[in-house]
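User: I'm new to this structure and would love a close look at one part of it. Could you pick a spot and walk me through its surroundings?

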Amino acid sequence: MTLWTVVLISIPLGLGYLFLTQRDSGGGTTDDALTVLRRRYASGEIDEEEFDARRRKLQRGE
């Protein structure tokens, strides 16, 4: 009986934890990509037109 209680409590807690960590890590990816994009633009690897196009895509979530 105690084992089932622990299992029934653990499942929703585990799913909630996974949901929250996935949601939080999603925002970091865009910021990291923008940082890389800014570095490439600053170093001259890409021009202003390409920078703007890629920045817009990242901010739209594509």
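Analyst: Happy to! One definition will help: a nonpolar patch joins side chains such as Leu, Ile and Tyr that lie within 5 Å, from residues with over 30% relative accessible area and no salt bridge. In this predicted model, Ile11, Leu15, Tyr17 and Leu18 make a nonpolar surface patch of about 450 Å². Ile11 belongs to helix H1, and its relative accessibility of 48% makes it partly exposed.

Now for the part I'd like to look at closely, Leu37. Leu37 also sits in helix H1, which covers residues 2-43. Here the relative accessible area is 5%, so Leu37 is buried. For the chain of 62 residues, the share that counts as buried is 6%.

What does Leu37 touch? Leaving aside residues up to four places away in sequence, its contacts are Ile46, Phe51, Arg54, Arg55 and Leu58. Asp52 offers a sense of distance: 15 residues separate it from Leu37 in sequence, and their C-alpha atoms are 9.7 Å apart.

Let's turn to the other helix. Helix H2 takes in residues 48-60, and because 13 residues at 1.5 Å each should span 18 Å, the 18 Å between its end C-alpha atoms agrees with expectation. After H2 comes Gly61, with a positive phi near 90 degrees.

Stepping back, the chain has two helices and zero strands. It exposes about 5,300 Å², of which carbon and sulfur atoms supply 60%.

How values were computed: Residues numbered from 1 in each chain as written. Predicted model: local features only at pLDDT ≥ 70, side-chain atom pairs only at ≥ 80, totals over all residues. Heavy atoms only, no water. Helix = DSSP H or I, 4+ residues; strand = E, 2+ residues; numbered from the N terminus. Buried < 20%, exposed > 50% of the residue type's maximum accessible area, 1.4 Å probe, protein only. Contact = heavy atoms within 4.5 Å. Areas by Shrake-Rupley, 256 points an atom, 1.4 Å probe, with all protein chains shown as cover. Expected span 1.5 Å × (residues − 1). Patch = residues over 30% accessible without salt bridge, like charges linked within 9 Å, V, L, I, M, F, W, Y side chains within 5 Å. Salt bridge = Lys/Arg side-chain N within 4 Å of Asp/Glu carboxyl O.
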